[in-house]
2 protein chains.
Amino acid sequence: MVADGSRQLSMQKKTYNYSAGPAVLPEEVLKEIQTEIFDYQNTGMSVMEISHRGKVCIALFDETEALLRKLMDVSEHYSVLFMQGGARLQFAAVPLNLFTKNKKADYIHTGSWTKYAIAEADKIGEAVVVASGENDHFRKIPDLSKLKASADADYLYLCTNNTIEGTTIRPEAMPVSVLPIVADMSSNILSEEYDIEQFGLIFAGAQKNMGIAGVTIVIVRNDLLERSSKNNADMINYQLMQSKQSMLNTPPVFAVYVLNKVLKWVEKKGGVRQMAVQNKEKASMLYDFIDNSNLYKNSIDVDSRSLMNVIFNLPTAEEDAQFAKEAEKNGLMFLKGHRDVGGIRASIYNAAPPEQVQALIEFMKKYETGRY
Amino acid sequence: MVADGSRQLSMQKKTYNYSAGPAVLPEEVLKEIQTEIFDYQNTGMSVMEISHRGKVCIALFDETEALLRKLMDVSEHYSVLFMQGGARLQFAAVPLNLFTKNKKADYIHTGSWTKYAIAEADKIGEAVVVASGENDHFRKIPDLSKLKASADADYLYLCTNNTIEGTTIRPEAMPVSVLPIVADMSSNILSEEYDIEQFGLIFAGAQKNMGIAGVTIVIVRNDLLERSSKNNADMINYQLMQSKQSMLNTPPVFAVYVLNKVLKWVEKKGGVRQMAVQNKEKASMLYDFIDNSNLYKNSIDVDSRSLMNVIFNLPTAEEDAQFAKEAEKNGLMFLKGHRDVGGIRASIYNAAPPEQVQALIEFMKKYETGRY
């Protein structure tokens, strides 16, 4: 390929990437990164080389925060932090920062990711499971309309999209609570419009809808910052991170730079509202095809279905494996389901264009009729 | 600039970057990243988009580990981990993992970075300062030849290079101890040959000598892994990270990719031995010029002088500021000393070519004679 070639031009065979994350980036974002790689904003340096204490880098962080605030309608009552360690470190950081003397919080259990979050909270206090999809094999988000807060609970925790189980808590299904709601939004942030004022804290790893692995967004209501304990490691202290504008140590500059570009791309495409329209169209197209097929089956409760991760099965595990293998031969990559649940998973985040969904449906049709 | 232009070709005016980190990357590393950005190893995907569970990414991590082991001569008695959160998170992770029931360790205090490390250890146990440069204003590494281990100490901690103070514990000045030695090698890893077998654990953020911010290398002697407590957050549990081959969660793939390229560059340039030869030449050139100058002064004990971060002063703080400002106008960037100590700091890591040091000396000469 040539250095300035686009994705289309550069490949003999077009490849589609259905990975659950790291995932597809918008083509024009990659193009801009490529163009700027030796000289970021006339500094004569790569963005990978600039000092985080210099004004160019500080401006990058400020602009990125402003973009995120605008796209998600985040008011000044909230702080935006850029952290490291992924959602997985937040599973621990949330209880370490938000537990008060009670060391107790309510958790809505919807799959693998909440399981890990619950385990981290249980290490230092008590995670009370107030609703669980476990009896439904996590194929349905439990009814959240009548939740009651446990006595002395410090917050209510949930995951808005479950990448492994292929379910989501849609904006209209969000619970109402007297407790601050903490949400792991790693896999559907910027995909639909949630009302930020409903939340006490939102966190999300960037590598699905916002860029590359290495930076985690934390949006936290300012009054909750006071709960942070000085006894915790500095790097997971929200209050300290906020007071240092996310530059307590050398931040992951390049990951923030990619985030900045992706946010600009989302804005250009019409913002989160337009993303949601397109995501619903893309997901409907695929779910409709599956529901009308004799070979493929999705067992998720219709109202709980994820717009981001569409999971489905063929009649047997062997056939699932065969399907994923043949798909890969045809340039449809990373369709194998998560090892915990098997089956097939097509992740179709914001950056996956409609033609990527269409390409999958075409392949599924051909596969079903034996003509692939 | 053109997308495939090199640094030289792309700029009207050549810029030199003396930042303490993030810092200069080898030109050919940036070139390769640019060329491969749309298609990593014929996957038809960017390295920023590939799944960390796929064989291409696993091969990247395996190769990177093998390269690091070869360059640093790391035996199979040690594990190599790729973590997040920078050295700063390791300041907490080290005591959280290596403290035994005693919760006590010896610390050699040589400046700002050890101060922060000591503070983290003191949150959960006791850091005993067994040697300190504080009375010498950290301009000299204390004598480490007669250290005695404290009773019940779990390890001996030190920092091999102090970026802010411009000092280093050279390989020949390393202490001998009955305790496992833990070293923060963030700012001089791969710059000189240390005997790995002397250490129990080495950690280093990548953004100085190894690539970009976002990945932290941990090299840990296998017997120490057993000390990791399950009560700690999963993301800072060395034993768990080791058992998951650093892929407990989505790792910072792009940062590891850049690390891989930098390690290959070091290998091609003759390995750490050759880096050390060049680093000594570069640093000598600059220290010799300073020592023979009437305007510039370096107050660091000669045997403690860093090869990576050369700090110096003009007669007054005002003149320091003026010098840094004029240097910047002439394309010599980020020479301002750390805000804690002021003065001027020239960071000349592995990737800074000798001509970068020469360019600084030339400017210093012209500045001194008023002809800049």
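**A walk through a two-chain model**

Let's start at one residue: A:Lys329 has a relative accessible area of 53%, so this lysine is exposed. Keep in mind that what you're looking at is a predicted model. A:Lys329 has a salt-bridge partner in A:Glu326, with the closest N and O atoms 3.4 Å apart. Both residues sit in helix α9 of chain A (residues 317–329), and they are 3 residues apart, about one turn of the helix. A:Glu326 has a relative accessibility of 10%, and because anything under 20% is called buried, this glutamate is buried. So here you have an exposed lysine paired with a buried glutamate.

Carry on along chain A and you come to A:Asn330, in the loop between α9 and β12 (332–333). Its relative accessible area is 38%, so A:Asn330 is partly exposed. If you want a feel for distances, pick A:Glu134 as well: the two residues are 196 apart along the chain, and their C-alpha atoms are separated by 36 Å.

Another salt bridge in chain A spans a good stretch of sequence. A:Glu192 pairs with A:Lys280, and their closest N and O atoms are 3.8 Å apart. This pair links distant parts of the chain, 88 residues apart: A:Glu192 is in the loop between β8 (181–184) and β9 (201–205), while A:Lys280 is in helix α8 (residues 271–291). A:Glu192 is buried, at 6% relative accessibility, whereas A:Lys280, at 37%, is partly exposed.

How many salt bridges does a search of the whole structure find? Over all chains, there are 34. One to zoom in on is between the side chains of A:Arg88 and B:Asp234, at 3.3 Å from N to O. A:Arg88 belongs to helix α4 (residues 86–98) of chain A, and B:Asp234 to the loop between β10 (216–221) and α6 (238–243) of chain B, so this pair joins two chains. Both A:Arg88 and B:Asp234 are buried. They also have company, since a network of salt bridges links A:Arg88, A:Glu120, A:Lys123 and B:Asp234.

That takes us to the interface itself. On chain B, 67 residues are in contact with 67 residues of chain A. The size of an interface is often given as the accessible area lost when the parts come together. By that count, chains A and B bury about 5500 Å² between them, with 63% of it on carbon and sulfur atoms. Which three residues supply more of chain B's buried area than any other three? They are B:Phe38, B:Met48 and B:Glu49, which supply 15% of the area that chain B buries against chain A.

Now for the polar side of the interface. The rule finds 6 salt bridges across it, and 21 residue pairs in polar contact. On chain B, the elements giving two or more residues to the side that touches chain A are α1 (7–10), α2 (27–36), α4 (86–98), α5 (112–124) and α7 (253–268). Of these, α2(B) brings the largest share, 6 residues. Sort the residues on that side of chain B by type and you get 28 nonpolar, 24 polar and 15 charged.

B:Met48 deserves a second look. Leaving aside neighbours within four places in sequence, B:Met48 is in contact with residues of both chains, including A:Pro22, A:Leu25, A:Ile212, A:Phe254, A:Val258, B:Ile37 and B:Phe254. In soluble globular proteins, nonpolar side chains tend to be buried together. Here, the largest nonpolar core has 132 residues, and those with the most contacts inside it are A:Met48, A:Phe254, A:Val258, B:Met48, B:Phe254 and B:Val258. Apart from that one lies another core, of 62 residues, among them B:Ala87, B:Leu98, B:Leu224 and B:Leu225.

One last stop is B:Ser304, in the loop between α8 (271–291) and β11 (309–312) of chain B. Is B:Ser304 buried or exposed? At 2% relative accessibility, B:Ser304 counts as buried. Its side chain makes a polar contact with the side chain of B:Asp301, at 2.7 Å. Not counting residues up to four places away in sequence, B:Ser304 touches B:Arg139, B:Lys140 and B:Ile141, along with B:Gly166, B:Thr167 and B:Thr168.

Notes: Residues numbered from 1 in each chain as written. Chains lettered and ligands numbered in written order. Predicted model: local features only at pLDDT ≥ 70, side-chain atom pairs only at ≥ 80, totals over all residues. Heavy atoms only, no water. Core = buried A, V, L, I, M, F, W, Y, C linked by side-chain atoms within 4.5 Å. Buried < 20%, exposed > 50% of the residue type's maximum accessible area, 1.4 Å probe, protein only. Contact = heavy atoms within 4.5 Å. Buried area = accessible area lost by both parts, 1.4 Å probe. Salt bridge = Lys/Arg side-chain N within 4 Å of Asp/Glu carboxyl O. Polar contact = N/O pair within 3.5 Å; in protein donor to acceptor, adjacent residues only side chain to side chain. Helix = DSSP H or I, 4+ residues; strand = E, 2+ residues; numbered from the N terminus. Nonpolar A, V, L, I, M, F, W, Y, C, P; charged D, E, K, R; others polar.
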